[in-house]
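Colleague: Please take me closely through one part of this model and then through what surrounds it. I would like one connected account, with every term explained as it arises.

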Amino acid sequence: VFRAAQIGYVLACLEGADPEKTAGMLLFHDNGEIRVGDQHKVARRYFDIRKAEEDAFTHQLTRLPGQIAQKLLTLFHEFNKRESKEAVVASDADKLEAAITAKEYLERGYKGQINWINNVKKVLRTDSAKQLLELIIKEDDFINSWWKGLKKTE
């Protein structure tokens with residue numbers, strides 16, 4: 001969630017969306033999964049996961065002041081509708097984070113992770129996310145490349 005929020009903030013800046021709102025969506029959108037679990041595609045056939053996550057999230061908000069709870073619930077709904085610019089960017093950031101994790105696993109020898117990366121590539125909607133994914137895919141040593149070329153600090 002933390003890395004997705006950071007990615008979302010940067011993508012929002014690149015795409016002309018509100019970075020704080022985008023990051024806020026990403027910080028809270030998965031909270032309901034804490035109680036209902038992150039269900040795979042087969043399990044989702046048997047119950048309404050969106051309703052279950054919303055019910056769990058709504059229950060989690062009950063002890064917060066009403067104004068804050070309402071703001072978080074609004075962000076939750078906006079993220080799930082994927083209609084606003086911020087929600088589209090947040091969705092791309094969430095998927096891009098999954099692709100980054102898959103790339104890290106791929107470089108550790110888990111060859112099947114290429115499927116995750118290819119699936120993410122098919123569903124990204126923003127130009128910035130698509131460009132970032134291409135850079136990530138092309139990087140031969142993604143895990144270690146961040147420090148290459150750094151100069152010694154004094």
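**Helix H7 and its surroundings**

Modeller: Glu104 is found in helix H7; helices (H or I, at least four residues) and strands (E, at least two) are DSSP runs, numbered from the N terminus. The model is predicted: local features need pLDDT of at least 70 and side-chain atom pairs count only at pLDDT 80 or more, whereas totals for chains, interfaces and linings use all residues. Residues are numbered from 1 along each chain as its sequence is written, and side-chain values use heavy atoms, with hydrogens and water left out.

Leaving out residues up to four places away in sequence, Glu104 touches Arg3, Phe142 and Ile143, where contact means heavy atoms within 4.5 Å. Asp55 is 49 residues from Glu104 in sequence, and their C-alpha atoms are 34 Å apart.

The setting of H7 is helical throughout: the protein has 10 helices and 0 strands. Its C-alpha trace spans about 50 × 40 × 30 Å along the principal axes. Of the 154 residues, 36% are buried; buried means under 20% relative accessible area, exposed means over 50%, and partly exposed lies in between (1.4 Å probe, protein chains only). Where residues at least 6 apart in sequence are in contact, 59% of these contacts join residues at least 24 apart.

H7 takes part in the largest nonpolar core. Such a core is a set of buried Ala, Val, Leu, Ile, Met, Phe, Trp, Tyr and Cys residues joined through side-chain atoms within 4.5 Å. This one has 33 residues, among which Leu11, Leu26, Leu96 and Leu133 touch the most other members. At least two residues each come from H1 (2-15), H2 (19-28), H6 (66-81), H7 (85-107), H8 (114-123) and H9 (127-138). The greatest contribution, 9 residues, is that of H7.

On one side of this arrangement is H1. Beyond its neighbours within four places in sequence, Leu11 contacts Val89, Asp92, Ala93 and Leu96, together with Ser128, Ala129 and Leu132. The buried residues of H1 are Ala4, Ala5, Ile7, Gly8, Leu11 and Ala12. Viewed down the helix axis, these buried residues fall within an arc of 160°, so they line one face of H1; the arc is that of the directions from the axis to the C-beta atoms. An α-helix has 3.6 residues a turn, so residues three or four places apart point the same way. The buried residues of H1 pack against H2, H7 and H9, while Phe2 and Leu14, on the other side of H1, are exposed.

H6 is another partner. With 16 residues at 1.5 Å each, H6 should span 22 Å, and this agrees with the 22 Å between its end C-alpha atoms; the expected span is 1.5 Å times one less than the number of residues. Ala69, Leu72, Leu73, Leu75, Phe76, Glu78 and Phe79 are the buried residues of H6, and their cover includes H2, H5 and H7. From H5, Phe57 touches Leu72, Leu73 and Phe76, as well as Phe28, Asn31 and Gly32, residues up to four places away in sequence not being counted. Phe57 counts as buried because its relative accessibility is 1%.

Between H6 and H7 runs a loop that holds Arg82. Arg82 has a positive phi of about 55° although it is not a glycine. Most residues other than glycine have a negative phi. With a relative accessible area of 22%, Arg82 is partly exposed.

H7 also borders the largest pocket, whose volume is about 1,000 Å³. On a 1 Å grid over the protein atoms alone, a pocket is an open set of points where a 1.4 Å probe fits, with protein on both sides within 12 Å along at least five of seven lines; lining residues have an atom within 4 Å of a point. Grid points are joined across faces, edges and corners, and the volume is the space filled by probe spheres set on them. The lining consists of 28 residues, and Asp38, Lys41, Arg44, Asp94 and Trp116 lie nearest the centre of the pocket. Two or more lining residues come from each of H4 (41-44), H5 (49-60), H6, H7 and H8. Here too H7 gives the most, with 7 residues.
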